[in-house]
Amino acid sequence: MNTIPTIFNETIAPYTAVGGKERIASTGISAVILNRPGHPKRSFLSELEKTGFDNIISIESCSPHYDIEELAGRFPFVRFILPESELNLGEQINLAASELESPLFFVMHSDMKIIAGGTARRMAERLVINPDEPNEQSEQKTVFKRLCTVPLILNANYETLPSLLAPLTQKRKIRTIFFDPKNEGDKSLYPFNGIGIYDRQRFINTGGFDITLKNSHWQLMDFGFRSYLWGEEIALNLHLKLSYDGELNPENYSVEESYKRFYLKNLAPVFKSDYSHLPLYKFPGFFFKSGEDIFSAWEDFKECRKWVIKNKYRWKSDARSVINYWSIN
């Protein structure tokens with residue numbers, strides 16, 4: 001089992017950055033594009049340019065790109081990230097956050113377009129609690145509403161997709177269900193496909209995505225649970241709308257290595273009044289369900305126990321409280 005990251009982006013995959021030397025605005029928000037094959041970049045980048053984002057990070061695939069230099073000349077405010085190997089969803093978002101300086105960043109896929117929300121400046125203003133920007137005379141910092149704000153997502157026919165997610169337990173197993181966005185501030189366990197506006201500093205403080213979880217479902221689940229367990233929230237903004245040409249991918253709930261780590265990091269810890277711990281009495285149950293030999297299971301358990309100890313005072317609630325929120329509301 002790979003070592004759980006203890007600091008944000010502790011391990012960064014090799015990559016090359018092209019362009020992005022200019023900044024076209026100072027709104028406090030940049031855009032991050034997770035590219036999908038077959039979707040033209042030029043028109044999409046032109047639309048984002050009109051929206052007025054500070055910068056744009058475009059995460060490419062590791063296949064050869066013959067148009068990047070030309071695009072970098074046409075769009076000098078876009079930084080194209082060319083990884084040497086394919087990156088999972090969390091790796092892409094973590095890497096983009098490392099490349100940015102804006103306090104907010106908006107993650108979207110290349111098969112999407114913004115159909116409502118106004119300019120980038122207006123998007124950022126809606127999320128501000130304290131409107132006073134820091135300056136040389138004041139150390140007061142802008143405070144944003146939450147860790148991640150998710151948009152309404154519509155399909156190609158402009159029908160609203162059930163893109164909010166809630167945890168559900170069935171026969172002592174956990175999964176997620178999709179539900180329709182209805183009210184401003186509706187909470188989601190995690191951002192659908194990673195799409196949303198992130199508070200960069202909060203994102204870094206919570207450790208971002210655990211890139212050692214290779215299954216994207218459990219990677220998102222880990223990020224969402226950790227966010228709520230540590231006192232953050234992920235919620236809807238009805239003013240922000242994106243259309244999406246893609247299909248809803250079926251959730252992969254397979255109980256495999258990614259699930260085991262998710263379980264040990266999020267469901268197994270016991271929360272006391274102001275800290276959490278992973279007690280030794282949890283090991284026998286984990287071992288018998290893990291399908292591993294006792295030595296491998298112990299190494300996995302010990303690794304996660306060390307991570308919980310390191311972060312024990314970050315917990316604000318337990319997993320049961322997180323799950324019960326959606327069953328009550």
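How many aromatic pairs does a search of the whole structure find? The search finds 30 aromatic pairs. The model is a predicted one.

**Two ring pairs**

A pair of aromatic rings is described by the distance of the centres and the angle of the planes. Two examples follow.

| Pair | Centre to centre | Angle between planes | Type |
|---|---|---|---|
| Phe-192 and Tyr-244 | 6.1 Å | 90° | edge-to-face |
| Phe-283 and Phe-301 | 5.4 Å | 70° | edge-to-face |

Why is the pair of Phe-192 and Tyr-244 edge-to-face? Their planes stand at 90°, and planes over 60 degrees apart count as edge-to-face. This pair links distant parts of the chain. Phe-192 sits in the loop between E9 and strand E10 (196–199). Tyr-244 belongs to strand E11 (residues 234–244). The two are 52 residues apart.

Are these two residues buried or exposed? Phe-192 is buried, at a relative accessible area of 6%. Tyr-244 also counts as buried, with 1% relative accessibility.

The pair of Phe-283 and Phe-301 links distant parts of the chain too. Phe-283 lies in helix H8 (residues 283–290), and Phe-301 in helix H9 (residues 294–310). They are 18 residues apart. Both are buried.

Phe-283 and Phe-301 also belong to a cluster linked by ring pairs. Other members include Trp-218, Tyr-259, Phe-287 and Trp-298.

**A charged patch**

Now to the surface. Which residues gather there in a patch of positive charge? They are Lys-171, Arg-172, Lys-173 and Lys-289. Lys-173 is placed in strand E9 (residues 173–179). Its relative accessible area is 58%, so Lys-173 is exposed; the cut-off for exposed is over 50%.

Terms used: Residues are numbered from 1 along each chain as its sequence is written. This is a predicted model: local features need pLDDT of at least 70, side-chain atom pairs count only at pLDDT 80 or more; totals for chains, interfaces and linings use all residues. Side-chain values use heavy atoms; hydrogens and water are left out. Patches are made of residues with over 30% relative accessible area and no salt bridge: like charges are joined within 9 Å, nonpolar side chains (Val, Leu, Ile, Met, Phe, Trp, Tyr) within 5 Å. Accessible areas come from the Shrake-Rupley method with a 1.4 Å probe; for residues, only the protein chains shown count as cover. A salt bridge is a side-chain nitrogen of Lys or Arg within 4 Å of a carboxyl oxygen of Asp or Glu. Lys and Arg count as positive and Asp and Glu as negative; His and the chain ends are not counted. The place of a charge is taken as NZ of Lys, CZ of Arg, CG of Asp or CD of Glu. Helices (H or I, at least four residues) and strands (E, at least two) are DSSP runs, numbered from the N terminus. Buried means under 20% relative accessible area, exposed over 50%, partly exposed in between (1.4 Å probe, protein chains only). Rings of Phe, Tyr and Trp (its six-membered ring) pair if their centres lie within 6.5 Å; planes under 30 degrees apart count as stacked, over 60 as edge-to-face and the rest as tilted.
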